[in-house]
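Me: Could you take a close look at one part of this model for me? I'd like to hear how two packed helices sit against each other, and then how the nonpolar core is put together.

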Amino acid sequence: MEIRKIVLIHPGREGRIFGKATAVPYTLMRLASLVPDDIEVEVWDENWEYLDNKIRTLGKHDLVGITSKTLAIETAERYARIAHESGVQTVVVGGAHATLLPEDVARWADVVVTGEAYYTWPQIIKDFQNDTLKPHYNDTEWADLTGVAPLTDRVIAQVDEKRRYWTPLIEITRGCPRNCSFCTAIRVSGQKMRFRPVEEVVEEIERRRIDRFFLTDDNFGLAFAIDPDYTEKLFLALAKLPLRGWTTQAEMMVAKYPELLKLAKRAHLDKFFIGFESVNPENRRELGGKSKGMMKQYQEAIDAIHQHGLGVVGLFVFGFDADTPKVMWDTWEFAKNSGLDSMSATILTPYPGTPFREQLVQENRLIPGKSWRYYDTAHVTYYPRQMTVEEFEREYDRVCRAIYHPFRIAQRGLRALSRHPIPRMPAKVFGSFSTDYGYRRTFAWRHAFSS
Ligand code: SF4
């Protein structure tokens, strides 16, 4: 069939904050860049604009792709329905939820894509043109990241990220060899850590003209241990760029690499988002080996990273089987005294495809009737082992009100700001407060709809 246009849709519920959407739909930008030059392609993001009416302008000769986060999957389904009603014949759905639970998506999508799609997406476009589409495409290999889907200038221009988005995203590594029981990332990106060539990373930053960014990497910090030479080369290259700052997810063992931390600072790294996850050592089995619930070790890592002028955002999850309400308050006590620059406190969520969910299914502990929109790390979706659902929710609300009180956000933000030399401070104000503000918004979803 002849293609008129390809539209890639990102369903999202965050919307705009102070006139801009939060993070660019980076994966869709990469997939849009694989579309041959002679076919029109657009990326549509619900966080930027209302999409229902735009979707109604599509028709038979348009190929529609929708990405699928679990919490937004019901919106994705609604978009597919609107597209079909408008005459679209082919709605392709890929992304995390489609990969983790393809049968759920196959109920309403014409084509389900599992895996990373960098190899299958070009094939889908060809098959659409040749009327040979199959209902399921599976990307069976973890793509070597060399030369994979570089962003094209037309996609960069079409998405207009400087005007529309607060946070540019970029990928440097993918995959994580850890095995946390609740993690979806490794079930989507694999456990082999893969690296983009440094030259490609630098070229992309320069061509997009971005001067700050957040990495999409699952656990960039492991690059310190797995390939220190690569990490050093990367930092030396980034140090030469006129960057205002960048941030990434990591794990606390980066603290054991003082030389690389020194280089990271020179490379304009602002802060690490570190998944400590729990302050309860009895949960260590679930934490995949990256942390052991030991507060003393956490403190040593935070102090070591701070000594290099780098910030630490602490990520914590509540609701493991050994957790009681006390864990939430122990976490808050630790965080208050630890000097963390920001903190995230979320509710453990049994995403599809994870060992944690399998365990809950076997033990009949999923709360019936919880639709996927509750899978947002701010709602309780299962029966905890050591507390009632009501207890869990009540104490979570109380502790989050303490954590995200404006005074505490200001306190942590000022602390983060003080890590920068005075001449750099004006450029760092936004980043020093925006992380906690974002987490406060995530928490606010607890009360956006009833649980
Ligand atoms: S360390 Fe992070 S990315 Fe790796 S398995 Fe654990 S949660 Fe997933």
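**A helix pair and the core**

Reply: Let's begin with one residue of the core: A32 touches L8, V41, V43 and V155, leaving aside residues up to four places away in sequence. Bear in mind that this is a predicted model. A32 is also among the residues with the most contacts inside the largest nonpolar core, along with V64, V91, V93, I305 and F318. That core has 127 residues, and it draws at least three residues from each of domain 1 (5-139) and domain 2 (168-447).

Now for the helix pair. Two packed helices are described by the angle between their axes and the distance between the axes. Here, α18 (residues 406-417) packs with α19 (residues 425-444) at an angle of about 145°, and the axes are 9 Å apart. Their crossing is right-handed. On the α18 side, the contact is made by I409, R412, G413, A416 and L417. They meet M425, K428, V429, S432, F433, D436, Y437 and R440 from α19. By type, the residues of this contact split into seven nonpolar, two polar and four charged.

Y437 deserves a second glance. Sitting in helix α19, Y437 counts as partly exposed because 15 other C-beta atoms lie within 10 Å, while being buried would take 20 or more and being exposed 12 or fewer. Y437 and Y404 are 33 residues apart along the chain, and their C-alpha atoms are separated by 7.9 Å.

Conventions: Residues numbered from 1 in each chain as written. Predicted model: local features only at pLDDT ≥ 70, side-chain atom pairs only at ≥ 80, totals over all residues. Core = buried A, V, L, I, M, F, W, Y, C linked by C-beta atoms within 7 Å. Domains from an automatic or database assignment. Contact = placed C-beta atoms within 7 Å. Axes fitted to C-alpha atoms, helices over the stretch in contact; angles between N-to-C directions. Helix = DSSP H or I, 4+ residues; strand = E, 2+ residues; numbered from the N terminus. Left-handed = near helix turned anticlockwise from the far one by under 90°. Nonpolar A, V, L, I, M, F, W, Y, C, P; charged D, E, K, R; others polar.
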